[in-house]
Amino acid sequence: MALPSPQPVDPVAGLSIDTRLVRGGTRRSHNRETSEALYLTSGFVYPDAETAEAAFAGPEEGWIYTRFGNPTTAMLEDRLALLEGAPAVRATATGMAAVFAALMASVKAGDRVVASRALFGSCHYVVSRILPRFGVETRLVDPGDLDQWRDALRPGAAAVLFETPSNPMIDLVDIAAVAELGHAAGARVIVDNVFATAIEQRPLAHGADVVVYSATKHIDGQGRCLGGAVLGDARFVVEDLQPFLRHTGPTLSPFNAWVFLKGLETLGLRMERHARSAGRIAGFLAEHPKVLDVRYPRLESHPQHAIARRQMRRGGAMLAVTLAGGKAAAFRFANALRLADISPNLGDAKTLIAHPATTTHANVAPEERARLGISDGTLRLSVGLEDADDLLADMEQALAVC
Ligand SMILES: Cc1ncc(COP(=O)(O)O)c(C=O)c1O
């Protein structure tokens with residue numbers, strides 16, 4: 001298999017995160033462009049048949065075909081690796097492709113997967129419905145209950161999967177504690193870090209083996225492109241993940257990779273604003289008489305506040321709010337907001353709101369939804385980059401009519 005030629009050590013590798021986000025992974029072509037070059041090509045050509053033969057014999061003889069690798073995508077992968085402190089990265093077509101590939105590269109028939117039950121609807125579907133069809137036993141546990149993790153992992157497992165914070169109820173998992181239990185069980189510990197982003201939380205530094213992203217969210221940050229990434233150790237990425245991606249084909253478009261490279265340049269700045277505004281909005285909603293409950297990692301009322309302080313830098317952009325008036329109130333509130341768009345996406349410059357029970361988590365059985373704390377009055381809010389005072393005023397007027 002021909003992989004891209006190894007690059008010299010990146011000159012920004014030891015520098016601060018904001019510098020790495022702007023400059024990491026950049027490989028200028030002979031044209032000396034300022035902005036990263038977009039190689040929008042499906043394949044590559046060779047001066048002669050001998051060079052083509054050498055490229056296919058690999059592993060170090062240049063580009064072959066974009067399903068196997070592409071220079072623009074490789075710049076994104078290198079920038080993500082520098083950001084996260086991960087030895088190796090592969091980009092994927094979507095976040096779901098990243099989650100699915102990370103799992104499929106880790107398990108075979110007869111294996112067990114232990115996962116948090118607090119997963120995004122499609123991740124829940126993969127773990128609870130797709131994997132069992134291929135002879136993989138799955139166990140779901142409550143994210144914050146270490147005894148459940150310990151019991152489920154006692155017989156051994158091939159993989160552990162969890163989100164922290166989770167979508168949509170902002171449940172947290174103690175990464176270090178579950179990674180230790182997972183490793184003792186022989187499992188690869190996979191963390192979906194979409195809600196936190198690498199700016200707010202570094203799962204690898206807390207003991208996880210693999211991190212997955214939907215780049216569709218904060219990495220893009222402006223709701224333009226779908227994409228994902230899997231980050232982990234070089235052996236896993238090169239020997240297990242890369243062949244799965246190459247032969248099954250969930251390839252990221254180089255165009256999307258280029259958009260994400262541009263998105264990464266402002267990720268640190270954006271997360272600072274997102275977190276500041278989300279913290280203010282969470283505090284405001286928590287005090288409101290029409291609100292039953294607010295979940296935000298940095299609110300002291302969050303039941304796992306201590307874990308948030310330990311493993312997250314700030315609270316991120318996402319919060320869950322449950323209104324006292326149930327579904328009718330939730331719908332009235334969402335409909336009355338002028339500065340929040342009703343959308344299943346998140347991590348955008350625009351504030352977005354979703355009603356999980358009827359959208360993102362509609363395919364999760366009602367009993368399981370109840371167990372996850374997703375009630376008919378629950379809304380998921382992705383706080384955008386608008387002025388925080390404007391957002392607060394908008395929430396206030398919408399609460400007045402719901
Ligand atoms: C936590 C989490 N993981 C994975 C995904 C899937 O990402 P994508 O829509 O890019 O496939 C999402 C999407 O909302 C998500 O919230």
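How many residues surround the ligand, and which are the closest? I found 14 residues around the ligand, the closest being Thr-94, Gly-95, Met-96, Ser-214 and Thr-216; a residue is near a molecule if its C-beta atom, placed from the backbone, lies within 6 Å of it.

I noted that the model is predicted: local features need pLDDT of at least 70 and side-chain atom pairs pLDDT 80 or more, while totals for chains, interfaces and linings use all residues. Residues are numbered from 1 along each chain as its sequence is written.

I sorted the ligand shell by class and obtained 6 nonpolar, 6 polar and 2 charged residues. Nonpolar covers Ala, Val, Leu, Ile, Met, Phe, Trp, Tyr, Cys and Pro; charged covers Asp, Glu, Lys and Arg; the others, Gly among them, are polar. Helix H4 (residues 95-104) gives the most to this shell, with 3 residues.

I then looked up the secondary structure and recorded 15 helices and 12 strands. These are DSSP runs numbered from the N terminus (helices H or I, at least four residues; strands E, at least two).

Next I examined H11 (residues 267-287) and H15 (residues 388-400), which pack at about 25 degrees with axes 10 Å apart. Axes are lines fitted to C-alpha atoms, for helices over the stretch in contact, and angles run from 0 to 180 degrees between N-to-C directions. I entered the contact residues (C-beta atoms, placed from the backbone, within 7 Å): Arg-276, Ser-277, Arg-280, Ile-281, Phe-284 and Leu-285 of H11, with Ala-388, Leu-391, Leu-392 and Met-395 of H15. They divide into 7 nonpolar, 1 polar and 2 charged.

Note on methods. Contact = placed C-beta atoms within 7 Å.
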